Amino acid sequence: MSDKPQSVLITGGNGNLGRLVAEKLLARGQRVVKFDIPGTEPATVHANETVVSGDIRDLDLLQQILAQHRPANIYHLASLLSGSSEADLPTAWETNATASFNLLNLAHETGVGKFFFASTAASYGPVDLEPMPLDYPQWPENMYGATKVAVERMGVYFKQKHGLDFRCLRFPLVVSPFAPEGAVSAFPSQAFKAAFNGQSFRFPVAESTGISTLFLEDVIDSIVNYTAAEATRLSRHVYNLHAYYLTAGMVALEAAKRFPGFDYSFEPIAAVDHLISSWPDVVDDTDARRDWGWQPTFDFDQSAARICELLRAGAAGNE
Ligand SMILES: NC(=O)c1ccc[n+]([C@@H]2O[C@H](COP(=O)([O-])OP(=O)(O)OC[C@H]3O[C@@H](n4cnc5c(N)ncnc54)[C@H](O)[C@@H]3O)[C@@H](O)[C@H]2O)c1
């Protein structure tokens, strides 16, 4: 072992959330190992950063990474998203569930400290109680949500039975200047990007369809602050977060206000509209606020302003 301080491992480290979590941790002086699939590597690599390419379904590779880098903590963000999971059920299970089990087991065997897992409000099925309580039953009607529930249960098993410091946040829709291809909930981000690029946009949901939402930068702060919190403050295995309720109509109006001439229409795809409508509008995040000081800083107006700022700065890579 070298004298260097221990690093943290971020799976899905080149993804939308992973690279920003990495930036924040690097800025705090941590060493970061980013793991993601080949072809996603960043153009520039920070001096305290190591980029490893491979498939998280490769158990031998995971063993090598943990043996070589001995991460103090793991931020497990690699995943197929909602649309891609539904399109390929076996790959979704292997990537999201089996590989997560392997990583949890290796984390336990090699003495990793904290294990952060990104879950989702899509882990709930249709919700008929608003605000939705944290302990609302999780019976998802989508493969993505089903794999996330499976990992939540495995993580809590490793925590209770083997003492792994498993931590988990369930994110609702994340609105950002980046528009992940594989997520059915990405339409607000895609709409802003289309408006910025002078393209027309078809919302795949009805004007009135909405969902609980967070802005990207609040999500990144939540991951870093929650994982840094003292374990003794955390009364729950998993926390829900909420900032505001957002409908497709609100996104359209805001994008048109900021990018005059934005051409849009609402052309609901029944399966997408049903799925988004079934997820919670308002989530009770009292436990997160009380235990570790969760507090979103962006309302929708502030989110839209920041998205436009980032798009204009070219930060979304939309040349
Ligand atoms: N953005 C959201 O709206 C949202 C909401 C709820 C939960 N989450 C969760 O947050 C995490 C990060 O999401 P994101 O928005 O950054 O998505 P993303 O698609 O940008 O990131 C996921 C990363 O996982 C990587 N990945 C996929 N398959 C892999 C494999 N076989 N091996 C190695 N890496 C693989 C992808 O290349 C990608 O970089 C995911 O676990 C996601 O489920 C995101």
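Rings of Phe, Tyr and Trp pair if their centres lie within 6.5 Å, with the six-membered ring standing for Trp. With that in hand, here are some close-up views of this predicted model.

**Figure 1. An aromatic cluster brings together Tyr, Phe and Trp residues.** The members of this one cluster are Tyr75, Phe116, Tyr226, Tyr239, Trp292 and Trp294. If you enjoy rings, there is plenty to look at: by the pairing rule, the count comes to 21 aromatic pairs. Two of these pairs get their own views next.

**Figure 2. Phe117 and Phe166 form a stacked pair.** The ring centres of Phe117 and Phe166 are 6.4 Å apart and their planes meet at 25°; planes under 30 degrees apart count as stacked, so this pair earns that name. Phe117 belongs to strand β5 (residues 114–120) and Phe166 to strand β6 (residues 165–171), so the pair ties together parts that are 49 residues apart in sequence. Both rings come from buried residues: Phe117 has 2% relative accessibility, and Phe166 has 1%.

**Figure 3. Phe196 and Phe259 meet edge-to-face.** Here the ring centres lie 5.9 Å apart with the planes at 80°, and because planes over 60 degrees apart count as edge-to-face, that is the class of this pair. Phe196 sits in helix α6 (residues 187–196), while Phe259 is in the loop between α8 (248–258) and β12 (264–266). The pair thus links distant parts of the chain, 63 residues apart. Phe196 is partly exposed, at 25% relative accessible area, whereas Phe259 is buried, at 8%.

**Figure 4. Helix α1 packs on helix α7.** The axes of α1 (residues 16–27) and α7 (residues 216–228) are 10 Å apart, and the packing angle is about 60°. That angle makes α1 oblique to α7, and the crossing is right-handed. To find the contact, look for Leu17, Leu20, Val21, Lys24 and Leu25 on α1, and for Leu216, Val219, Ile220, Asp221, Ile223 and Val224 on α7. By class, this contact has 9 nonpolar residues, no polar ones and 2 charged ones.

**Figure 5. Helix α8 crosses helix α11.** The axes of α8 and α11 (residues 300–312) come within 11 Å and cross at roughly 50°. The two helices are therefore oblique to each other, in a right-handed crossing. On the α8 side, the contact uses Met250, Val251, Glu254, Lys257 and Arg258. On the α11 side, the residues to pick out are Phe300, Asp301, Ala304, Ala305, Cys308 and Arg312. Sorted by class, the α8 and α11 contact residues are 6 nonpolar, no polar and 5 charged.

**Figure 6. Helix α6 also packs against α11.** The angle between α6 and α11 is about 50°, and their axes are 11 Å apart. The two are therefore oblique to each other, and α6 passes α11 in a right-handed crossing. Phe192, Lys193 and Phe196 of α6 make the contact with Phe300, Ala304, Ile307, Leu311 and Arg312 of α11. You may recognise Phe196 from the edge-to-face pair with Phe259. The contact of α6 with α11 has 6 nonpolar residues, no polar ones and 2 charged ones.

**Figure 7. Helix α9 has buried residues that pack against α6 and β9.** In α9 (residues 270–278), the buried residues are Val272, Asp273, Leu275, Ile276 and Ser278. Their packing partners are helix α6 and strand β9 (210–215).

**Figure 8. Ser7 of strand β1 is buried.** Ser7 lies in β1 (residues 7–11), and its relative accessible area is 2%. Leaving aside neighbours within four places in sequence, the contacts of Ser7 are Arg31, Val32, Val33, His69, Arg70, Pro71, Ala72 and Asn73. One of these, Arg70, is the subject of the next view.

**Figure 9. Two backbone details are worth a closer look: Arg70 and the Glu130–Pro131 bond.** Arg70 is a residue other than glycine with a positive phi, near 45°. The loop between α2 (59–69) and β4 (73–76) holds Arg70, which is partly exposed at 34% relative accessible area. Elsewhere, a cis peptide bond joins Glu130 to Pro131, with omega about -5°. Pro131 is found in the loop between β5 and α5 (143–162).

Terms used
Residues are numbered from 1 along each chain as its sequence is written. This is a predicted model: local features need pLDDT of at least 70, side-chain atom pairs count only at pLDDT 80 or more; totals for chains, interfaces and linings use all residues. Side-chain values use heavy atoms; hydrogens and water are left out. Axes are lines fitted to C-alpha atoms, for helices over the stretch in contact, and angles run from 0 to 180 degrees between N-to-C directions. Helices (H or I, at least four residues) and strands (E, at least two) are DSSP runs, numbered from the N terminus. Angles under 35 degrees count as roughly parallel, over 145 as roughly antiparallel, 65 to 115 as roughly perpendicular and the rest as oblique. A crossing is left-handed if the near helix is turned anticlockwise from the far one by less than a right angle, and right-handed if clockwise. Contact means heavy atoms within 4.5 Å. Ala, Val, Leu, Ile, Met, Phe, Trp, Tyr, Cys and Pro count as nonpolar, Asp, Glu, Lys and Arg as charged, and the others, Gly among them, as polar. Buried means under 20% relative accessible area, exposed over 50%, partly exposed in between (1.4 Å probe, protein chains only).
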